[in-house]
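Colleague: I am new to this structure. Please take a close look at a single part, the way its strands are paired, and then follow the packing outward from there.

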Amino acid sequence: MPLLWTAISSHGYGHAAQVVPVLNELGRRRPDLRAVLRTHVPRAFFESRLTLPWELSPSHVDVGCLQHGPLTMDWPATWRAHHDFHATWKDRLHAEVSAIRQAQADLVLSNTSYLALAAGAAARLPTIALASLSWDEILRDHVDPAHPWQADLLATMRHAYADASLLLRIAPGLAMSAFSRATDIGPIASPLPADREQLRDVLGLEAHDKLILVAFGGIRLTSLPFAHMESMEGLHFLIDEPPPPGSKQIHTFAGLPLPFSTLLSSVDVIMTKPGYGTVIEAVATQTPVVYVRRYSFADEQPIVEYLQRYGRSLELSRKDFEQPRWEGALRQALSLPPSTVPPPPITGPSEAADYLESLLG
């Protein structure tokens, strides 16, 4: 039985959301395939999504970025965490190589841990990066010239990325010039058909009520303006935490009998940051999006461009989001017409599976 060593960044859930459709497609083609998930993404994320045989091997495979909620990046703390991570780089690399060999892996797949790619190359295995971003691209705009070690650290990252046998560059994504060999594949997502009737019935909504999904990814908002949300007549909100006692217009999606992708296609508007998975699914289902930008994360721009070209969207400024002044943007989003430009087909899972299947023999 072939074994796929799969390293997944734990910076939110977006990296795992890109990997899962590929693994599912590959598992459909190769029922004998097993996967080791090398990540700190919670087991619960995979239990309802991943269909091939898998086991979880919790590990710190990269740092990513440190944040205060989904919108505020803490770059000094991020650099300190990377400094600590690289202080034991040789030991980490040796341990990862040993773990890969002990598991008798046949192939290393990474999104987008450079440690895993360096270890896979050292173990003399095919090493495939599947990603729309790389950490050197994210960090390079935030290097402090007063700290030369930061540039040295990026050089180590880029050297590790160059060790990969191939980058499967997911659209829309960054250029990722550190990789020595790359091929472009289509978008990756797993959109599901809407089930508006069941969702509205479960929540007890009236026919004229509009439902807004507030979902900012795996890194949760620290607070929400509940009083403001309750003040908007006819607008109901779906959030990932318990609503305040007595709320009439705020509901939680925790425990709902519908997959998250079904929620994305069943609501009237999604309020979010421009995250890869949410945007690709919203475009596929033509669900209107009100987005709040960070303007400090490199992969945000291609995602916004994709959303603006193929989807139904408008931007809410960070100031208006925090004030809060939501109502105008939400009501405007409800009247956005469907896009007249067909989006690219979601071919990424099958294209990636083609490459991986050929390497597995």
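Modeller: Two strands count as a pair if DSSP finds at least two bridges between them. By that rule strand E11 (residues 235–239) pairs with E12, since the two are joined by three bridges and run parallel. Within this pair, Phe237 is the residue that stands opposite Ile250 in E12. Keep in mind that the model is predicted.

The pair belongs to an open sheet of six strands, whose order is E12-E11-E10-E13-E14-E15 and whose pairing is parallel. Strand E12 (250–252) lies at one edge and strand E15 (313–315) at the other; each has a single partner strand, so one side of each is left without a neighbour in the sheet. On average, neighbouring strands of this sheet are turned by 25° against each other, with direction ignored. In general, the strands of a sheet pair through backbone hydrogen bonds, in either a parallel or an antiparallel way.

There is another sheet to look at. Seven strands make it up, in the order E3-E2-E1-E6-E7-E8-E9, and this sheet is likewise described as open, with parallel pairing. Its edges are strand E3 (54–57) and strand E9 (182–185), which pair on one side only. Here the average turn between neighbouring strands is 20°, direction ignored. Inside the sheet, strand E1 (residues 3–8) and strand E6 (residues 107–111) are paired in the parallel sense, and five bridges connect them. One pair of facing residues is Leu4 and Leu107, the latter in E6.

A helix lies against this seven-stranded sheet. Helix H5 (residues 114–122) packs on the sheet and touches E1, E6 and strand E7 (127–131). The direction of H5 makes about 160° with that of E7. In the loop between H5 and E7 sits Arg124. Arg124 is not a glycine, yet it has a positive phi of about 60°.

From H5 the packing can be followed to another helix. The axes of H5 and H7 come within 8 Å and cross at roughly 50°. That angle makes H5 oblique to H7, and the crossing is left-handed. On the H5 side the contact uses Tyr114, Leu117 and Ala118, which meet Met157, Ala160 and Tyr161 in H7. Sorted by class, this contact has six nonpolar residues, with no polar and no charged ones.

H7 also packs with H3. Helix H3 (residues 75–87) and helix H7 (residues 148–162) lie at an angle of about 60°, and their axes are 11 Å apart. H3 is therefore oblique to H7. This crossing is left-handed too. From H3 come Trp79, His82, His83 and His86, and they meet Trp149, Gln150, Leu153, Leu154, Thr156 and Met157 in H7. By class the contact of H3 with H7 has five nonpolar, five polar and no charged residues. Met157 thus takes part in the contact with H5 and in the contact with H3.

A further helix pair involves residues from the two ends of the numbering. Helix H1 (residues 14–29) and helix H15 (residues 348–360) have axes that come within 9 Å and cross at roughly 55°. That makes H1 oblique to H15, and the crossing of these two is right-handed. H1 contributes Pro21, Val22, Glu25, Leu26 and Arg29 to the contact, while H15 contributes Pro349, Ser350, Ala352, Ala353, Asp354, Leu356, Glu357 and Leu360. In this contact eight residues are nonpolar, one is polar and four are charged.

Two loops deserve a check of the backbone. A cis peptide bond joins Ala171 and Pro172, with omega at about -10°. Pro172 is placed in the loop between strand E8 (166–170) and E9, and E9 is one of the edge strands of the seven-stranded sheet. Another cis peptide bond joins Gln323 and Pro324, where omega is about -5°. Pro324 is in the loop between helix H13 (318–322) and helix H14 (327–334).

These parts can now be set in the whole chain. The chain holds 15 helices and 15 strands. Its C-alpha atoms fill a box of roughly 60 × 50 × 40 Å along the principal axes. A compact globule of 361 residues would have a radius of gyration near 21 Å, and the chain has 21 Å, which agrees.

Technical notes: Residues are numbered from 1 along each chain as its sequence is written. This is a predicted model: local features need pLDDT of at least 70, side-chain atom pairs count only at pLDDT 80 or more; totals for chains, interfaces and linings use all residues. Side-chain values use heavy atoms; hydrogens and water are left out. Helices (H or I, at least four residues) and strands (E, at least two) are DSSP runs, numbered from the N terminus. Axes are lines fitted to C-alpha atoms, for helices over the stretch in contact, and angles run from 0 to 180 degrees between N-to-C directions. Contact means heavy atoms within 4.5 Å. Angles under 35 degrees count as roughly parallel, over 145 as roughly antiparallel, 65 to 115 as roughly perpendicular and the rest as oblique. A crossing is left-handed if the near helix is turned anticlockwise from the far one by less than a right angle, and right-handed if clockwise. Ala, Val, Leu, Ile, Met, Phe, Trp, Tyr, Cys and Pro count as nonpolar, Asp, Glu, Lys and Arg as charged, and the others, Gly among them, as polar. The radius of gyration is taken over C-alpha atoms; the globule rule is 2.2 Å times the number of residues to the power 0.38.
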